[in-house]
Amino acid sequence: MRPAALCRIALLVGLVGALEILCLSGVIDRITMQPPHRILLDLIRILASGSLDGAIAQTLGNAALAFAIALTVGVASAILLHRARPVREMLDPLFATYYAIPIFAFYPLLIIVFGLGDAPQIFIGAMLGIVAVIVNTLNGLDRVPGVLIKTARINRLGPVETALRVTLPAAAPYILTGAKLAVAYSFIGIIGAEFIMSRGGMGYEISFAYTNFDNATMYPLIVLILLVSIAVNTFLARWEKRLMARRGLQ
Amino acid sequence: MSPAAREALGSAAQLVVVLLVCWQLIYWAVGEVALRSPLETIAFTAKLAGTSAFWGHLAETAKAFGVALLLAILIGLSTGFLLGLNRFASEVLEPVLIAVYSIPKITLYPILLLMFGLGIAAKIAFGAIHGVIPIALFTITAVRNVRPVFIKTGRVMGLPPLELIVKILVPAALPEIFAGLRIGFALTLIGTLLGEMFASQRGLGYLLMNAIGLHNIDLIMALTFLLTLFAGTASGLLLFWNRRMQARGR
């Protein structure tokens, strides 16, 4: 293992250890934070008892759905935009400033339009992710070598077949970059929306536990969400690196 | 006005017109129950701007956002310069920063609330943790990408470290650092508003959540419109400066 990675692990272990000592010695009181070993035990207890399985399944399911929508709609619109240059030029400033707009400010509006169910949350998650997918897919499509497109034309492939067999595989590493961002954004969207106002899901359970000073439920859930999102992101980053390396990029 | 500025303004105007048309069309499709038309929204926004209560909430949000942004910039830039100049430290800490960047930070908000208590301090802290990481990450890359010749020249001239940063590193890395500041600006705004939407008694985010409870669609539309307008305009201006800076650097 490289020294940098070792040093990083040592640093993180040291941080958790310091928290443990601060909590046990009473510098950080029990109402503010549980010592890390308690959080871990509580997390195991919650997972073993299955009392929050419904909330966990709901959040993960909604996030997966939001991600799937963002990916398919994003890739499809990127292919269309790539062919319609004037529309793309007009939308460019929107894409560039999109992530500056506080999308969560639209959540109240979406609740009124869709009602207080899963739909507005999935909509927020998909809306957050879609532009990252579009921008990265367009970037990938711009970099498809002209010779591949000419070959497709010589072999008389139709537009759909060209997209499926030539341009999309050629742009795959860039689409994956977009997909990685979309995973993170759909999580952020779903959990943020559940947090603000909803009737279920992990975000709701955290905010419910917070209002009840139920630290024994709140901290394990926070740790669980952090672990899940970091695990998913690390997995996708590894995959992306492998795909890029195979193409001789980076 | 320079031709570049005129062109940017032209495309922005085009986009605004298209968005307004879409808004009007959606309004006709959904109806009075859930939405208001652009004209009605602007009229209500003007009326809202005449009330003193609105200015109180706006001042609260502006104060929280301003302090959060200042903190994010100060901490982000100093972390960025420290890690950018020290190869080993950045190898250790950069993956941690990237991991933290992609987690749904809203889950950490209850912890901040327990640490800082209800009130403006928790909002400021929440806004700042959203903005600080992109600023730090962009600064690290920017400092690392400064051409070594510049730094060597500075050393040969015998510049002390502080002057080396102020006279050589900052000007050379400025376009990229500015890109980080632009993203940090946007994320700090989102963080501050999210903080106000959950467990808060003042500010525009609170006003927005309160409006859902009262089913006050006029107010929701006006606030969403104002926030989008502010974020879009500010981010568009920053993007325009950023592009000009990059063009000049080349």
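**Figure 1. Buried residues of helix 3 of chain A in the predicted model.** Buried positions of helix 3 of chain A begin with Gln58(A), Thr59(A), Asn62(A) and Ala63(A). Ala66(A), Phe67(A), Ala70(A) and Leu71(A) are buried too, as are Gly74(A), Val75(A), Ala78(A) and Ile79(A). The cover over these buried residues includes helix 6 (118-142) and helix 8 (159-170) of chain A. It also includes helix 9 (172-196) and helix 10 (202-211) of chain A.

**Figure 2. Length of helix 3 of chain A.** Helix 3 of chain A runs over residues 53-83 and holds 31 residues. At 1.5 Å a residue the helix should span 45 Å, and its end C-alpha atoms are 45 Å apart, so the two values agree.

**Figure 3. Contact of helix 3 with helix 10 of chain A.** From helix 3 of chain A, Ala55(A), Ile56(A) and Thr59(A) take part; from helix 10 of chain A, Met202(A), Gly203(A), Tyr204(A) and Glu205(A) do. The residues of this contact divide into four nonpolar, two polar and one charged. Thr59(A) is also among the buried residues of helix 3 of chain A.

**Figure 4. Crossing of helix 3 and helix 10 of chain A.** The two axes come within 7 Å and cross at roughly 130°. That angle lies between 115 and 145 degrees, so helix 3 and helix 10 of chain A are oblique to each other.

**Figure 5. Surroundings of these helices in chain A.** Chain A has 11 helices and zero strands. Its C-alpha trace spans about 75 × 55 × 35 Å along the principal axes. Of the 250 residues in chain A, 40% are buried. Among contacts between residues at least 6 apart in sequence, 75% join residues at least 24 apart.

How values were computed: Residues are numbered from 1 along each chain as its sequence is written. Chains are lettered from A and ligands numbered from 1 in the order in which they are written. This is a predicted model: local features need pLDDT of at least 70, side-chain atom pairs count only at pLDDT 80 or more; totals for chains, interfaces and linings use all residues. Helices (H or I, at least four residues) and strands (E, at least two) are DSSP runs, numbered from the N terminus. The expected span of a helix is 1.5 Å times one less than its number of residues. A residue is buried if 20 or more other C-beta atoms lie within 10 Å of its own, exposed if 12 or fewer, and partly exposed in between; C-beta atoms are placed from the backbone. Two residues are in contact if their C-beta atoms, placed from the backbone, lie within 7 Å. Axes are lines fitted to C-alpha atoms, for helices over the stretch in contact, and angles run from 0 to 180 degrees between N-to-C directions. Angles under 35 degrees count as roughly parallel, over 145 as roughly antiparallel, 65 to 115 as roughly perpendicular and the rest as oblique. Ala, Val, Leu, Ile, Met, Phe, Trp, Tyr, Cys and Pro count as nonpolar, Asp, Glu, Lys and Arg as charged, and the others, Gly among them, as polar.
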